[in-house]
Amino acid sequence: MTQPKTSENALTELVTSRIKEENPRNQEILTKLVKHLHAFVKDVEPTEAEWFSAIDFLTRTGKKCDDKRQEFILLSDVLGVSMLVDAINHRTKTTVTETTVKGPFHATANVYEAGENIARGNEAERGEPTVVRGRVLSPDGKPLANASLDVWQSDDIGYYDVQDVNQPSMNLRGIFKTNANGEFWFRTIKPAAYPVPTDGPVGELLHASGRHAMRPAHIHFWVKAEGYQDLVTHLFVEGDEYLESDAVFGVKDSLVVPFVKNSDPAQAAQWKVGSPFYYVQHDFILAAQ
Ligand code: BEZ
Ligand code: FE
């Protein structure tokens, strides 16, 4: 006796046979989407109530998105999918700086002169002064002049300006250019570890999974130079307690750097920061296009 086409075993073939997409890549993606989704459902065997609860979760995830909040990216981040896509797309580039998630807190920033302080208002007074220096280089060590570094970070208690009405706008973010020797430097404060937003469905998911929401302290960098691939990455603060358990799996060992405490007032004066201060030195190596 032949099975009905809509039986458990025949449905996947029925659905995939109807996909008639001219673009071969789209055909592959749509076919695999159906196959993997059906395999997941066959494996989990959800009750109807469980399936509607999943649909409700995705509906609420969508409703939580607006021009300032992207709950679907956050979902991809905490499920490790963002870092899986990152790993697949940067497999062979061993000689260049490693990439990590961009996250949802990038925003337009001012272009600053070398050495300017991106900390403003209360944060500048309260935070621990930090000098960040380095170079932007090609894979063969050539300094890249006029590269731009778009930098953003949380404050000393773990909030970005876009999350916190008490911070001046464009606090702790800025764009710097490298000089003729490929060098950049700027002043800031030491960032703090912080939780990813937990007031939406992703927070519920983390809670239901028994996971914390913390990210280890870091500074974001989006580095661009003509003729080279954009680099989206972070520098993480060495010694942070969450380096081994980042909620979005974004830590790579090569991106963990010492924030060296310096208590010499003469050096603080040289860098135009209060004493003591933290000193960070790191070169970024971009892949050729
Ligand atoms: C961030 O580092 O800004 C971030 C990354 C992923 C999810 C939430 C925040
Ligand atoms: Fe961040």
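Helices (H or I, at least four residues) and strands (E, at least two) are DSSP runs, numbered from the N terminus. This is a predicted model, in which local features need pLDDT of at least 70 and side-chain atom pairs count only at pLDDT 80 or more, while totals for chains, interfaces and linings use all residues. Residues are numbered from 1 along each chain as its sequence is written, chains are lettered from A and ligands numbered from 1 in the order in which they are written, and side-chain values use heavy atoms, with hydrogens and water left out.

**View 1. The whole protein, with its eight helices and twelve strands.** Let's start with the full chain. The C-alpha trace spans about 90 × 40 × 30 Å along its principal axes. Of the 289 residues, 43% are buried, a word used here for under 20% relative accessible area (exposed is over 50%, partly exposed in between; 1.4 Å probe, protein chains only).

**View 2. The iron ion (ligand 2) and its protein donors.** Here you can find Y160 (OH), Y194 (OH), H218 (NE2) and H220 (NE2), which lie 1.9 to 2.1 Å from the iron ion. Donors are N, O and S atoms within 2.8 Å of the metal (3.2 Å for Na, K and Ca); water is not among the atoms, so sites may look incomplete. Along the sequence, the donor residues follow the spacing Y-x33-Y-x23-H-x1-H. Y160, in the loop between β2 (148–153) and β3 (173–177), and H218, in strand β7 (residues 218–224), are 58 residues apart and link distant parts of the chain. Both Y160 and H218 are buried. The six donor atoms make angles of 55 to 163 degrees, and the site is irregular. That label covers anything that is not tetrahedral (four donors, all angles between 85 and 135 degrees), square planar (four) or octahedral (six), the last two needing opposite donors over 155 degrees apart and all others between 65 and 115.

**View 3. Ligand 1 and the residues around it.** Ligand 1 is surrounded by 13 residues (a heavy atom within 4 Å), and the closest are D77, Y194, R215, H218 and H220. Three side chains deserve a look. An N or O atom in the side chain of R215 is 2.5 Å from an oxygen atom of ligand 1, and for Y194 the distance is 2.7 Å. H220 places a polar side-chain atom 3.0 Å from an oxygen atom of the ligand.

**View 4. An aromatic cluster that includes F221 and F284.** Y112, F176, F184, F186, F221 and F284 form one cluster, and the structure holds eleven aromatic pairs. Rings of Phe, Tyr and Trp (its six-membered ring) pair if their centres lie within 6.5 Å; planes under 30 degrees apart count as stacked, over 60 as edge-to-face and the rest as tilted. F221 and F284 make a tilted pair, 4.7 Å centre to centre with 45 degrees between the planes. This pair joins strand β7 to strand β12 (residues 284–285), 63 residues apart. F221 counts as buried because its relative accessibility is 0%, and F284 counts as buried because its value is also 0%.

**View 5. W271 and Y279, another tilted pair.** These two rings sit 6.0 Å apart, centre to centre, with 50 degrees between their planes. W271 and Y279 are both buried.

Notes: Polar contact = N/O pair within 3.5 Å; in protein donor to acceptor, adjacent residues only side chain to side chain.
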